[in-house]
Amino acid sequence: KGKCPEDGWDESTIELFLHELAIMDSNNFLGNCGVGEREGRVASGLVARRHYRLIHGIGRSGDISAVQPKAAGSSLLNKLTNSVVLDIIKLAGVRTVTSCFVVPMATGMSLTLCFLTLRHKRPKAKYIIWPRIDQKSCFKSMITAGFEPVVIENMLEGDELRTDIEAVEAKIKALGAENILCVHSTTSCFAPRVPDRLEELAVICANYDIPHIVNNAYGVQSSKCMHLIQQGARVGRIDAFVQSLDKNFMVPVGGAVIAGFNQSFIQDISKMYPGRASATPSLDVLITLLSLGASGYKQLLKERKEMFSYLSSELKKLADNHNERLLDTPHNPISLAMSLKDLDENNDAAVTQLGSMLFTRQVSGARVVPCGSVQTVNNYTFKGFMSHANDYPCAYLNAASAIGIKKQDVDIFLKRLDKCLKTSRKEAKKEKSVNEISNSNTGTEQLED
């Protein structure tokens with residue numbers, strides 16, 4: 001049926017299945033005589049076993065989704081993987097998606113592939129409208145494709161940074177719709193930025209006949225992000241949405257899924273990929289979904305949502321204990337942010353020092369964002385980089401509840417964060433006192449002089 005099985009398979013069944021696929025590839029035929037330049041020859045047995053002897057990769061030179069006659073097993077693996085992943089995307093909330101394919105590139109390069117495909121459909125266009133999100137790969141994806149990003153600054157609503165819809169429409173009118181390649185929006189993001197207003201953006205794109213590409217990097221695991229995409233496609237225009245394999249399906253980095261509502265356009269993107277491609281990301285995600293089954297994946301989504309509530313409530317308690325507060329970002333379903341105002345006011349360097357302290361204590365993934373940092377990316381200068389705004393009111397710390405997180409992870413993180421905050425506060429106040437004494441002495445000396 002090409003769907004994810006409801007109940008997961010055991011490992012021996014999956015290995016038997018992969019072995020049956022592998023013996024359909026010509027490099028594994030007993031009497032095979034290969035005289036071409038690409039015959040699936042592998043020098044190391046260890047490498048061959050690591051790939052289950054599926055050596056030919058996926059696709060043909062002109063289309064990553066095409067069937068390769070001498071690699072029937074690998075081709076079948078590719079078709080099945082795309083079909084199973086499509087089933088999971090529907091299960092996760094985008095019911096009307098019609099087509100998707102796994103591409104052996106991470107999210108940034110996969111977005112670039114989408115933009116390059118649109119180039120042929122809109123040859124005059126040179127701009128991409130991009131509501132600001134301070135993450136380098138999605139910004140560089142537009143530069144790499146040869147387009148000029150038009151950065152739309154976010155609006156501060158309470159603690160949240162939200163899409164400035166009026167600014168987007170004003171910029172479209174100013175530049176001319178025919179000169180705009182697409183609107184490049186985002187769902188999953190670090191708080192206090194929240195998912196873009198996808199429905200409003202989709203309506204604008206439909207009204208002005210402008211393509212709309214959504215960066216859904218780790219949004220498959222969030223019912224809210226997937227609902228936004230579904231609603232955007234229902235009321236307006238979304239041409240493609242791109243998501244990472246590692247962030248959503250817990251496989252090694254190196255793959256993404258490009259999905260959409262128009263099968264013809266998704267096929268155009270797959271045909272834009274030059275040459276054949278590695279089957280490893282497809283193999284990894286197929287093994288994972290066969291082992292989990294649809295019920296196992298739904299359980300992971302349920303646990304993630306429960307852990308988000310737990311992390312939110314516990315982080316709020318910790319923030320209150322340290323005279324800080326959990327920023328109010330109800331529209332962000334994955335990431336949370338806690339203010340570091342007290343730390344920032346005592347010592348400018350204390351905020352970044354906290355990040356180092358957490359990292360050396362084996363806390364990974366937490367982001368500490370100071371006020372006013374400036375960074376240049378591909379000749380574009382961003383003020384307040386990492387905070388998604390030029391002047392966010394306070395420094396803060398990010399933590400996320402992503403798929404696979406356990407209660408133990410949350411508890412250990414909070415315990416270590418509590419200790420680091422206490423240490424940082426002591427050191428910051430100590431340094432402030434030393435500076436005040438030093439300044440006081442200097443003033444006395446100047447008076448005596």
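These are my notebook entries on annotated sites, aromatic rings and the largest pocket of this structure. The model is predicted.

**Entry 1: the four-residue site**

I began with the UniProt record. The unreviewed entry lists R60, S61, Q68 and R276 under "binding site". I then checked how these residues sit in space. They are spread over 217 residues of sequence, yet they cluster, and the largest C-alpha distance is 9.6 Å.

I looked up R60 next. R60 is found in the loop between α2 (45-50) and α3 (72-91). I noted R60 as partly exposed, because its relative accessibility is 37%, and the range for that class runs from 20% to 50%. Not counting residues up to four places away in sequence, R60 touches A66, V67, Q68, P69, G275 and R276. Q68 and R276, which R60 touches, are also listed in the record for this site.

S61 is likewise in the loop between α2 and α3. With neighbours within four places in sequence left aside, I found S61 in contact with Y273, P274, G275 and R276.

**Entry 2: R38**

UniProt also lists R38 as "binding site", again from the unreviewed entry. I located R38 in the loop between α1 (11-22) and α2. Apart from neighbours within four places in sequence, R38 contacts H56, Q68, K70 and R276. Two of these, Q68 and R276, belong to the site listed in Entry 1.

**Entry 3: aromatic pairs**

I turned to the rings. A pair of aromatic rings is described by the distance of the centres and the angle of the planes. The structure holds 9 aromatic pairs.

I looked at F139 and F382. Their ring centres are 5.1 Å apart and their planes stand at 85 degrees, so I entered the pair as edge-to-face; the cut-off for that class is over 60 degrees. This pair links distant parts of the chain, with F139 in helix α5 (residues 136-144) and F382 in strand β13 (residues 380-383), 243 residues apart. Are these two rings' residues buried or exposed? F139 is buried, with a relative accessible area of 2%, and F382 is buried too, at 5%.

My second pair was F241 and F261. The centres lie 5.7 Å apart and the planes are at 35 degrees, so this pair is tilted. F241 belongs to strand β8 (residues 240-244), while F261 is in the loop between β9 (256-260) and α10 (263-272), so the pair ties together parts that are 20 residues apart in sequence. F241 counts as buried because its relative accessibility is 0%.

I also noted a cluster: ring pairs link W130, F139, Y380, F382 and F385.

**Entry 4: F190 and the largest pocket**

I looked up a charge over a ring. The charged end of R367 sits over the ring of F190, 3.9 Å from the ring centre.

F190 came up again in the pocket search. The largest pocket holds about 900 Å³ of space. Of its 39 lining residues, F190, S364, G365, A400 and A402 are the closest to the centre.

Which elements each supply at least two residues of the lining? I listed α4 (107-121), α5, α9 (245-249), β14 (396-400) and α14 (407-448). Among these, α14 gives the most to the lining, with 5 residues. Helix α5, on this list, also holds F139 of the edge-to-face pair.

Definitions and conventions. Residues are numbered from 1 along each chain as its sequence is written. This is a predicted model: local features need pLDDT of at least 70, side-chain atom pairs count only at pLDDT 80 or more; totals for chains, interfaces and linings use all residues. Side-chain values use heavy atoms; hydrogens and water are left out. UniProt positions are given in the numbering used here, feature names are shortened, and annotations may be inferred rather than shown by experiment. Helices (H or I, at least four residues) and strands (E, at least two) are DSSP runs, numbered from the N terminus. Buried means under 20% relative accessible area, exposed over 50%, partly exposed in between (1.4 Å probe, protein chains only). Contact means heavy atoms within 4.5 Å. Rings of Phe, Tyr and Trp (its six-membered ring) pair if their centres lie within 6.5 Å; planes under 30 degrees apart count as stacked, over 60 as edge-to-face and the rest as tilted. A charge sits over a ring if NZ of Lys or CZ of Arg is within 6 Å of the ring centre and within 35 degrees of the ring normal. On a 1 Å grid over the protein atoms alone, a cavity is a set of points where a 1.4 Å probe fits but cannot get out, and a pocket is an open set with protein on both sides within 12 Å along at least five of seven lines; lining residues have an atom within 4 Å of a point. Grid points are joined across faces, edges and corners, and a volume is the space filled by probe spheres set on the points.
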